[in-house]
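Colleague: I would like to go through this model with you and ask where the words in its description come from. Could you show it to me before we start?

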Amino acid sequence: MKQRIAIYPGTFDPITYGHIDVIHRAIKLFPKVIVLVAQNPVKNPLFTDEERTAMIREIFRGRSNIVVDSFEGLLVDYARRRNATVIIRGLRALSDFEYEFQMALMNRKLAPNVDTVFLVPHEKYTYLNSTIVREVAKLGGDIADFVPPGVRRRLLAKLR
Ligand code: COA
């Protein structure tokens with residue numbers, strides 16, 4: 001069987017243990033996973049593309065099958081360019097479903113050979129998202145349970 005390359009796209013502003021959980025699950029299923037810092041047009045990220053990419057690279061240093069990249073443009077164009085045929089998305093709760101379903105169908109319409117695979121992160125991360133982590137950090141709360149130490153350090157430095 002052809003080796004399938006999977007892309008896990010997101011804003012990752014910043015990456016959390018919830019995203020990392022999804023990546024660990026994805027790499028058990030696919031020989032190569034590209035973690036892609038992509039642009040969500042409705043978001044105005046705190047961290048630059050370079051900062052977000054660097055934080056993710058630091059976490060997966062030494063894992064040659066997990067590649068970290070960034071891209072501006074249509075996700076399916078990036079997928080085509082990298083010969084990737086799978087898009088990974090995490091589903092935490094029913095509330096994620098409608099938006100994810102719409103994106104998956106649009107991506108399939110644009111690129112019929114690319115399938116979206118939904119993975120369910122551990123339930124202990126159900127309540128996590130990047131916005132809430134940034135907010136807790138901004139207000140002085142402890143974020144050690146939500147992000148790796150390098151991300152925590154950069155987030156605290158950014159907010160200082
Ligand atoms: N654990 C914890 N948090 C998670 C998570 C998980 N497993 N999975 C997602 N999240 C969080 C994210 O951190 C994010 O939090 P935030 O809203 O506080 O930033 C939120 O849940 C999900 O955000 P969402 O808007 O669904 O996705 P995204 O911004 O991460 O990614 C893109 C959206 C980048 C994939 C999408 O906009 C895209 O494909 N852009 C490229 C342009 C394109 O092709 N557009 C057409 C798409 S059809």
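**Reading the sheet and its helices**

Modeller: Gladly, and let me begin in the sheet: β1 and β4 run parallel and are joined by two bridges. There I7 stands opposite I87 in β4. Please keep in mind that this is a predicted model.

Colleague: What makes β1 and β4 a pair?

Modeller: Two strands pair if DSSP finds at least two bridges between them. β1 and β4 are joined by two bridges, so they meet that condition. On the other side of the order, six bridges join β1 (residues 5-10) to β2, again parallel, with V33 in β2 as the bridge partner of A6.

Colleague: What is the order of the strands in the sheet?

Modeller: The order is β3-β2-β1-β4-β5, an open sheet of five strands with parallel pairing. β2 and β3 pair over five bridges, and I34 stands opposite V67 in β3. Five bridges also join β4 to β5, where F118 is the bridge partner of R89.

Colleague: Why do β3 and β5 count as edges?

Modeller: Each of them has a single partner strand, so one side of β3 and one side of β5 (115-119) is left without a neighbour in the sheet. As for twist, neighbouring strands of this sheet are turned by 30° against each other on average, direction ignored.

Colleague: How do you know that both faces of β4 are covered?

Modeller: In a regular strand the side chains alternate between the two faces of the sheet. In β4, V86, I88 and G90 on one side are buried, and so are I87 and R89 on the other. That is five of five residues. For β2, five of its six residues are buried. Helix α4 (residues 94-110) lies across β4 and β5, running at about 170° to β4.

Colleague: Why is N83 called exposed?

Modeller: The label exposed needs a relative accessible area over 50%. N83 has 59%, so it is exposed. Its place is in the loop between α3 (75-81) and β4. N83 and A6 are 77 residues apart in sequence, yet 9.3 Å apart in space, C-alpha to C-alpha.

Colleague: What makes the buried residues of α2 line one face of the helix?

Modeller: The buried residues of α2 (residues 49-59) are D49, R52, T53, M55 and I56. Seen down the axis of α2, they fall within an arc of 160°, so they line one face. What covers them includes β2 (32-37), β3 (66-70) and α6 (149-159).

Colleague: Why are α2 and α6 called roughly antiparallel?

Modeller: They pack at an angle of about 155°, with their axes 10 Å apart. Angles over 145 degrees count as roughly antiparallel, so the term applies to α2 and α6. The contact is made by E51, A54, M55, E58 and I59 of α2 and G150, V151, R153, R154 and K158 of α6. By class, this contact has four nonpolar, one polar and five charged residues.

Colleague: And how do you know that the buried residues of α5 line one face?

Modeller: For α5 (residues 130-138) the buried residues are S130, V133 and A137. Seen down the axis of α5, these residues fall within an arc of 65°, so they line one face of the helix. They pack against α1 (17-29) and α6.

Technical notes
Residues numbered from 1 in each chain as written. Predicted model: local features only at pLDDT ≥ 70, side-chain atom pairs only at ≥ 80, totals over all residues. Heavy atoms only, no water. Buried < 20%, exposed > 50% of the residue type's maximum accessible area, 1.4 Å probe, protein only. Helix = DSSP H or I, 4+ residues; strand = E, 2+ residues; numbered from the N terminus. Arc of directions from axis to C-beta. Contact = heavy atoms within 4.5 Å. Axes fitted to C-alpha atoms, helices over the stretch in contact; angles between N-to-C directions. Parallel < 35°, antiparallel > 145°, perpendicular 65-115°, else oblique. Nonpolar A, V, L, I, M, F, W, Y, C, P; charged D, E, K, R; others polar.
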